[in-house]
Amino acid sequence: MSKPIVAVVGRPNVGKSTLFNALAGERISIVKDTPGITRDRIYADAEWLGRGFTMIDTGGIEPDSGDVILSRMREQAQIAIDTADVILFMVDVRQGLQDADSKVADLLRRSQKKVILVVNKVDDFEKFMADVYEFYNLGMGDPVAISSKNKLGLGELLDELIKYFPEDTSQEDEEDERPKVAIVGKPNVGKSSIINRLLGQERLIVSDVAGTTRDAVDAVAVHDGKEYVFIDTAGLRRKNKIKEELEHYMILRTVSAVERADVVLVVIDATEGITEQDAKIAGIAHDRGKGIIIVVNKWDAIEKDDKTIYRFTEDVKDVLSFLSYAEVMYVSAKTGQRLSKLYDSIDAVVQNCSLRVATGVLNEIITEAVAMVQPPADKGKRLRIYYTTQVSVKPPTFVIFVNDKKLMHFSYLRYLENRIRDAFGFAGTSLKFIIRERKEK
């Protein structure tokens, strides 16, 4: 089930980024007193009472500004509004009700989305409550008073927020056993062309203009009598100029698509080579424990010799070193070269993401690994591994019980992961490890 999306919107400098950081539990957005400092919409995952959700922080909305940057920020905020399930509309009790607040309220009313009015900077409830009541004039329902800086009233706000979340549809999602495949990558790498080839029809708009695909679109393909749901996403591009900001802000839609997917195809343009931005895009899927296949498109446009694939694969493995488990496939959406083989790879990755290992066999592998390479020690105390068990799938998740989890060095955990992969495969899926302490009897 994809997580509900919550957008934080409002005029500049009402405290949106401070609230975003307080709810995310870490300092993610830049916080500064200068209005308009948040020009990037940042996303983060949060949770309250067992309900997970994804937040979007937006730049401030200046409804009447003709400034190029501010107008871009207004567009970006509109994308956030369109994408969100619930909107937190923030205002500033110290500045009082502004004409711009009323215009933002009109914008939100037209969106027909669920909106919670949040009155920020209420550091003293007795002192400011009369001023809070002024915001009833916006016609946006009961205002929720908070101080994001001092973390006052956040519990009440979150209680109100989760009331607006869609009902849990995880049971419905489980009944749909069709593999869901998200196709992600920079603009113009050929994502829509790949889907059109797989579908055998011009289902999606294909254009040389980067960013033609503005929304995530679902399309169903049938191969050997089996249905696959493909989710095409807006392309992502590194933001280096103001005019490219709109594309940068499509990242949220990609996050949403990845969350719904079982397998993610990370598409790379062979003519451009592997880039840092490709790594950032792939990281979204990796961080969420999704099955991943690296698809190098436009391979027909490359001049080749007997070492071309070897060199390109080495470059991919170097830049995407955290995806050492993912298969690299070379295709051409233009000619259809090797595209049909994607289905076999998707099936294999789906199977590996759901693979369960018997506890007895798993512990035999770990015991052999420990015998071959001694666990690390610190100040005379050596790591002892008592027991390992798999607790879930998608991604396969393992709990390792040890005497002192501080002794479990990252490199040794990677060694154990490699031994597990050698024994059971798990190609195309990340593995998650939870280290827990168990005292000796």
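Helices here are DSSP runs of H or I with at least four residues, strands are E runs of at least two, and both are numbered from the N terminus. The model shown is predicted.

**View 1. Asp101 sits in helix H3.**
H3 covers residues 99–111. Asp101 is buried, and its relative accessible area is 0%. Buried stands for a relative accessible area under 20%, so Asp101 qualifies at 0%. Beyond its neighbours within four places in sequence, Asp101 is in contact with Arg11, Phe89, Val91, Gly96, Phe135 and Leu138. One of these partners, Phe89, lies twelve residues from Asp101 along the chain. The C-alpha atoms of Asp101 and Phe89 are 9.2 Å apart.

**View 2. Strand S10 is buried on both faces.**
In a regular strand, side chains alternate between the two faces of the sheet. On one side of S10 are Val263, Leu265, Val267 and Asp269. On the other are Val264, Val266 and Ile268. Each of these residues is buried. Seven of the seven residues of S10 are buried, so the strand is largely enclosed by the rest of the structure.

**View 3. S10 pairs with strands S7 and S11.**
S7 and S10 run parallel, with four bridges between them. Within this pairing, Val184 stands opposite Val266 of S10. S10 and S11 are also parallel, and seven bridges join them. Here Val263 faces Gly291 of S11 as its opposite residue. Helix H10 enters the picture too: S10, H10 and S11 form a right-handed β-α-β unit.

**View 4. The largest nonpolar core holds 30 residues.**
Val264, Ile294, Phe312, Leu320 and Leu323 have the most contacts inside this core. The elements that give it two or more residues are strands S7 (180–184), S10 (263–269), S11 (291–297) and S12 (327–330), with helices H9 (251–260), H10 (276–287) and H11 (308–319). H10 gives the largest share, five residues. In soluble globular proteins, nonpolar side chains tend to be buried together.

**View 5. Val264 has contacts on several stretches of chain, including Ala182 and Ile293.**
Neighbours within four places in sequence are set aside here. The contacts of Val264 are then Ala182, Val184, Val258, Ala285, Lys290, Gly291, Ile292 and Ile293. Val264 is itself a buried residue of S10.

**View 6. Helix H12 spans residues 341–353.**
This helix has 13 residues. From its first C-alpha to its last, H12 reaches 19 Å, close to the 18 Å expected at 1.5 Å a residue. Its buried residues are Leu342, Tyr343, Ser345, Ile346, Val349, Asn352 and Cys353. An α-helix has 3.6 residues a turn, so residues three or four places apart point the same way.

**View 7. Strands S16 and S17 pair in parallel.**
S16 covers residues 397–402, and S17 covers residues 432–437. Six bridges hold the pairing. One of them matches Val402 with Glu437 of S17. Helix H14 (residues 410–424) joins these strands in a right-handed β-α-β unit.

**View 8. The whole chain gives the context for the close-ups.**
The protein chain has 14 helices and 17 strands. Of its 441 residues, 51% are buried. Among contacts with a separation of 6 or more, 71% link residues 24 or more positions apart. The chain exposes about 21,300 Å², and carbon and sulfur atoms supply 47% of that area.

Methods: Residues are numbered from 1 along each chain as its sequence is written. This is a predicted model: local features need pLDDT of at least 70, side-chain atom pairs count only at pLDDT 80 or more; totals for chains, interfaces and linings use all residues. Side-chain values use heavy atoms; hydrogens and water are left out. Two strands pair if DSSP finds at least two bridges between them. A crossover is right-handed if, with the strands pointing away from the viewer, the path from the first strand over the helix to the second runs clockwise. Buried means under 20% relative accessible area, exposed over 50%, partly exposed in between (1.4 Å probe, protein chains only). Contact means heavy atoms within 4.5 Å. Accessible areas come from the Shrake-Rupley method with a 1.4 Å probe; for residues, only the protein chains shown count as cover. The expected span of a helix is 1.5 Å times one less than its number of residues. A nonpolar core is a set of buried Ala, Val, Leu, Ile, Met, Phe, Trp, Tyr and Cys residues joined through side-chain atoms within 4.5 Å.
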